[in-house]
Amino acid sequence: MTTQTATQKNPSFVLQAKDKVSYEDRPVPDLKSPYDVLIQPKWTGICGSDVHYWLHGRIGHFVVESPMVLGHESAGIVAAVGDKVTSVQVGDRVAMEPGVPCRRCVRCKEGKYNLCFDMAFAATPPIDGTLARYYTLPEDFCYKLPEGMSLEEGALIEPTAVAVHITRQAAVKPGDSVVVFGAGPVGLLCCAVAKAYGAVKVVTVDINEERLQFALKYAATHSFTSQRVSAEENAANMKKECDLGHGADIIIDATGAEPCIQTAIHALRNGGTYVQGGMGKPDITFPIMAMCTSELNVKGSFRYGSGDYQTAVDLVATERISVKELITGKVKFEDAESAFKDVKEGKGIKCLIAGPEE
Amino acid sequence: MSSSTRIENMQNPSLLLYGPKSAKYEDRPIPELGNHDVLVRIAYVGVCGSDVHFWNEGGFTKKVSTSSPITMGHETSGTIHSIGPLVSTVKPGDRVAVEPGVPCRYCKPCKAGSYHFCKDMRFAAAPPDGHGALTKFFRSAEDFVYKIPEKVGLDEAVLVEPLAVGVHATRLVDVRPGEKVVVMGSGTVGLMCAAVSKVFGAESVVIVDILEKKLEFARGWFGCETFKAEMGSSAEENSESLLEKFGLEDDGVDVVIEASGAASSIETGIHLLRRGGKYVQTGLGKPKIEFPIVALSEKELMVRGCFRYGPGDFELATSLIARGIIDAKALISSTRPFEEAVSAWEATGRGEGIKNLIKGVED
């Protein structure tokens, strides 16, 4: 397998169908526009959504109907640039923003390109992902990594941008108390970004003690172990233990789990803000009366939009947040499947897959 | 070159400005279309105060020159003549209002929802290279032309552009239902701002001008209240007088939209506002003026600038005219043939009419 990928032009890690992955030599992509850039992804992280496609072959109405290259959390080195590219050059190390919008629809023009109707997102069918030797992106979706930032850290920019977008949706401001449900990579990064945005209290919530301990060392000021009691009771306990008074100003859910969402609604103060970042069951039982009587501001959050990726790079570059600690494993391109297995089993925080060797 | 060529023998006759009082009809190449572009056969072009300024001075900060003349005209409508290969939402024959500036779509402001700040914006009739709509064939993009229903004339569709300015200003200053609004200046843009404020639910709208005939028109056109400012009085006197007339001496109004650019009017506007009030500067006049800045501080006013129009403004403007909520026809004072464009600019410069139109090249 090792020698095979080394001699191939564009070895790619492909999801053939649910539960079946393999390596293919795909054609090297062309630069379709003079503003495009050809990149060699060097490190790619895996996220729950990648694992979900692997296990189920679909997420909602996105169905894997033909073999698709996986991966979307990447950083790499620029290999070639189109004629009109001015912001990067060959050899530059870049974080790769993997979703390219149409730039013409009403959402794009109003500044919400993450909601573009024709978004082409890596590893969301039918668009191929970044676990290959080569990938193309327009130059404005490549973000140069400053000198001190490694390509591995560059691969963490994608989930960091997710956390930046969630935190912006929540409008975290200096002085706020923020609770984050879920101490996985996105939850951890939300804690870190909320702190960077001036939250004075950041509570991490999980059912896993080890993750909570890590979160406390990493960015949270308080932790809470969620219990199998009613949502109201869980919320009351959390407010008491973490000194949240009448409730938190802001709660972010990074789990998608029904009991967490229910607890969160009961743990907010009146007029507080709730942001749904995590994805789980499509339909849940929701405490809508509490939302109404507390006059909560409830919002969704989807991927990242204008300015989020650059902010993520800046936060890491200026050391206001750190992502190195989140990297708990690195595997060779040929061992990509094992990384998927680890994530499925909940091992570690972020495992990175190397790009194919030359 | 083509001074001897007659307009009827030109493929794409266009009116270019070379400097103050220096304009020439020339044959320009018919623009080539990109994948998402459309070619519009221009039907009408409106005259704006800025056109008059260009005719007299050659431009604002950026001026035209003999080495880089530009085609004039930015308020325009027409029919789709041809479309690029990937265009799917309009077809040849469609009648459209045209948004005259297509942004690059790649830069930061474009992606952040402020394409009107685009660093590479190609805006009609903007030096050094933005060619305008006083031409036979004008290139735009699929998503920058707006279809109008049969019942709306192509001449009326020219008013979509100034109405979009009015929509943009009113959105920026965030007129809310129940608010009291004053609009300074009863020219086309002032009228549009007043009408849009009403549409946005303002409890009352007062238009201010120094000319009675303009105020008379405003009253008839959109049923606004009016106030005649006295040239000889100070800003404080004028504002006090207005507030008294409408029983608002206790505090002041919620919103002022300044659509004249005149220094005295700006000053008056600031004095009209209540504490915590909102102000938007739409009108363009002297680049530097004397401003009541202490009043701004003490009343904790929100004051902002306003530039052209952004995402969603042209759509709403088209919709307001299409649904007959804004009477565009009433603003059209004259229509001159393509060959008499300069005379349309000069008439506007003399203060004649509200909106003077220039017809597109005839077949």
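Search the whole structure and you find three cavities of 30 Å³ or more. This is a predicted model, and the biggest of its cavities, at about 90 Å³, has residues from both chain A and chain B in its lining. Here's a quick tour of that cavity, then of the interface.

**The largest cavity**

- From chain A, the lining takes in A:Pro101, A:Arg103, A:Cys108, A:Lys109 and A:Tyr113.
- Chain B brings B:Pro103, B:Arg105, B:Cys110, B:Lys111 and B:Tyr115 to the lining.
- Two elements give two or more residues each to this lining: helix H3 (106-109) of chain A and helix H2 (108-111) of chain B.
- By residue class, the lining splits into six nonpolar and four charged, with no polar residues.

**The A/B interface: extent**

- On the chain A side, 13 residues are in contact with 11 residues of chain B.
- Together the two chains bury about 1200 Å², with 53% of that on carbon and sulfur atoms.
- In chain A, the residues that lose the most area to chain B are A:Arg103, A:Arg104 and A:Lys109, which together make up 56% of what that side buries.
- Two of those names, A:Arg103 and A:Lys109, also turn up in the lining of the largest cavity.

**The A/B interface: charged and polar pairs**

- Three salt bridges are counted between chain A and chain B.
- A salt bridge joins the side chains of A:Lys109 and B:Asp143, at 2.7 Å from N to O.
- Polar contacts across the interface come to three residue pairs, with both residues at pLDDT 80 or more.
- The side of chain A that touches chain B is made up of five nonpolar, three polar and five charged residues.

Technical notes:
Residues numbered from 1 in each chain as written. Chains lettered and ligands numbered in written order. Predicted model: local features only at pLDDT ≥ 70, side-chain atom pairs only at ≥ 80, totals over all residues. Heavy atoms only, no water. Contact = heavy atoms within 4.5 Å. Buried area = accessible area lost by both parts, 1.4 Å probe. Salt bridge = Lys/Arg side-chain N within 4 Å of Asp/Glu carboxyl O. Polar contact = N/O pair within 3.5 Å; in protein donor to acceptor, adjacent residues only side chain to side chain. Nonpolar A, V, L, I, M, F, W, Y, C, P; charged D, E, K, R; others polar. 1 Å grid on protein atoms, 1.4 Å probe; cavity = no way out; pocket = protein on both sides within 12 Å on 5 of 7 lines; lining within 4 Å. Points joined across faces, edges and corners; volume = space filled by probe spheres on them. Helix = DSSP H or I, 4+ residues; strand = E, 2+ residues; numbered from the N terminus.
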